[in-house]
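The following exercises concern one protein model and are each followed by a worked solution. Please examine the sequence and the structure before reading on.

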Amino acid sequence: MKKYFIHRPAASFRVDYEKDLNPEQHAAVLHNAGPALVLAGAGAGKTRVVTYRVARLAESGVMPENILLLTFTNKAAREMMRRAEQLIGRNIAGLHGGTFHHIANLLLRQHYRLAGYKQGFSILDREDSRELFDACIAEVYKKDSVLPRGAVLAEINSLAKNTEEELGSVVTLRFPHFAEAADAICRIASLYEKKKIDLNLMDFDDLLVQWKKVFEENENIREYYSLKFKYILVDEYQDTNRLQADIIDLTARGHGNLMAVGDDAQSIYSFRGADFENILRFPQRYPEAAVYKLTTNYRSTPEILTLANRIISHNKNQFSKELHAVRQPGDRPGLVPLRDVFEEAEYVASMVMDMNSDGTAFDEISILYRSHYQSMQTQMEFQRRGIPFEIRSGLKFFEQAHIKDILSFLRIIVNPYDEISWKRILKLTRGIGNITASRIWDLLRVSNTPLDALAGASSLVPRKAVEGFNRFLELIGSLRDERYLSSPSAAIDYALRHGYEDHLYTTYPNAEMRIEDIEQMTRFALRYDSLETFLSDLALQGVAEAESGDAEAPEGKVVLSTVHQAKGLEWGTVFIIGMNDGRFPSAKSLRTDDEEEERRLFYVAATRAKEALFLCYPVSAEDWNNLGLLRPSRFIKELQPDSFEEITVEDV
DNA sequence: CTCAGCCTTCTTTTT
DNA sequence: GAAGGCTGAG
């Protein structure tokens, strides 16, 4: 096995690794070459190790373009690259850092032919792929078949892809209630796969599947990238699935300079195929791998850490590990029973107000919950009291209808075979619904140049829709202008001003807000000179994160977030709301035997807190989920009572 | 037959 | 607060 050892250059180091790192971290950062596994407990300086590792490589003479940093979110990638740059005091442009999907996209824009695709393929988000599945169901079966909906089929299919299991066995094993429909599901899924090729569409999974396929079928390409990425770092390795692990192995094959960083206790993505066996089996897959453990927690007070350790100790399936605190003692975590969700929201809001007037910045506080819907009352209460906050869950900016509409106009310009986008924008015209849109699409699909064929569709349009359709024709005609291919901003503005604006005013009461959103997108799009790049970046979600980063208020905002999205972050004070059975752990996880993963999720939530942690649970429900009484979470009941301070809230 | 609007249902997590 | 189903209007 060929290796690339690092040679210390003549120039002296600017970074003082001895001083900045503890011995555990130091050992991992100075790892020389070959495979390494870094088991990093929560708050043990994992990001620090990765960034110092990147800096160390760069300082040792490794070219930035020879480093690949795979992360779980774009934000994590940016953050790590920023900190590494800061550390070595120079630009490390050329370093490839991003999510698996992001890197896959870059790769496949080059090698789409090898994957059997045409230029300018579109990327389907979840809603798109659900719609395409629905279309496939409709094509194969007429009404009344007892079949899962497109959304469910998309999920099943995705799971099969990511775990690399046969679709049929995923259905029988993981979705036994659809076992009888397994054959039908497989038929629909193969139609779905065929359609994507025909329509030049890739869903999120295809990006990974095709990456692997291109590497497996083209050894020269694989070798090229393997040589290019001589040093590979993977963050959050515990959340990789089979497919991703294979991709990493393929890319690292030959040099084996792979550093996998992660924490099995924080594996929380099994619902999309993550398999924390990947991290457990890493030493077997790479027998010569060095293993480093980070067990010193710098983030939390001993009280919070004790609670966290107790939480995770109830899981059987894990590496046993001991995290020790180095911070000074603080308060025990608070346990707060509340009458109902409204009182819960009031309690959290008034605590936030109090803390803020005592000098705590809003951005040092976060409210975490299991599911987005649990944030509603808190949102309203914060709104009422004028507490600045930022929501990091629920519909993303670009998942909203008006954003998707506008993007669909752009997508058909880049990829005229995009059935989903065609139907979406066709139906915007009053008088054109599902049926007419399908008929028009049937005409377009058989044409080599769908954009030219559109004019011929006029005869299919009902009389009352003719006028609107003519305006639509004009708009599409103008958007085809070549200059829009290189100016997404101008294209968006054109579509907005020549028809879409009117549609918004007639359809939505809050049209102004939506127009503002689109105008904001116009400004953002100025950074791009390629429609294709703009669209794929947007589909891969890099944008919303960048946007929210820009709009940071000076005194900060309280963050309302799902636990999943809070991973890797920290705050001085954390409130976890809705600590009830059926909410956290979620009802579904209790039915499907995923209790251990839920407990890891709870562990992730608790370890976000630096100084103060409050666990809140309402005792009665007055909303639609009305079981009357709500029980406190089993995750609370299983803990020793001395883990918390019980806090009683008087009636207001 | 096609479309739009009202009504009910049901809330997990994400690239 | 969204999305699918049902119903009535055209």
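**Exercise 1.** Identify the residue that follows helix H17 and give the sign of its phi; then state which residues of H17 are buried and what they pack against.

*Solution.* H17 is followed by glycine 386, which has a positive phi, near 70 degrees. The model is predicted: local features need pLDDT of at least 70 and side-chain atom pairs count only at pLDDT 80 or more, while totals for chains, interfaces and linings use all residues. Residues are numbered from 1 along each chain as its sequence is written, chains are lettered from A and ligands numbered from 1 in the order in which they are written, and side-chain values use heavy atoms, with hydrogens and water left out.

Helices (H or I, at least four residues) and strands (E, at least two) are DSSP runs, numbered from the N terminus. Next, within H17 (residues 376-385), the buried residues are Gln377, Thr378, Gln379, Glu381 and Phe382; buried means under 20% relative accessible area, exposed over 50%, and partly exposed in between (1.4 Å probe, protein chains only). These residues pack against helix H16 (341-357) and strands S12 (365-369), S13 (389-392) and S14 (558-562), where contact means heavy atoms within 4.5 Å.

**Exercise 2.** Determine whether asparagine 356 is buried, partly exposed or exposed, and list its contacts.

*Solution.* Asparagine 356 belongs to helix H16. Its relative accessible area is 28%, so the residue counts as partly exposed. Leaving aside residues up to four places away in sequence, asparagine 356 touches Ala361 and Phe362. Its C-alpha atom is separated by 9.8 Å from that of isoleucine 387, 31 residues apart along the chain.

**Exercise 3.** Describe the open sheet of six strands: its order, its edges and the helix H5 that lies across S2, S3 and S6.

*Solution.* The order is S3-S2-S6-S7-S1-S8, with parallel pairing; two strands pair if DSSP finds at least two bridges between them. At the edges are S3 (96-99) and S8 (290-294), each pairing on one side only. From one strand to the next, the twist averages 15 degrees. S2 (residues 67-71) is joined to S3 by four bridges, and leucine 69 has glycine 97 as its bridge partner in S3. Finally, helix H5 (residues 100-111) lies across S2, S3 and S6 (231-234), running at about 120 degrees to S3; axes are lines fitted to C-alpha atoms, for helices over the stretch in contact, and angles run from 0 to 180 degrees between N-to-C directions.
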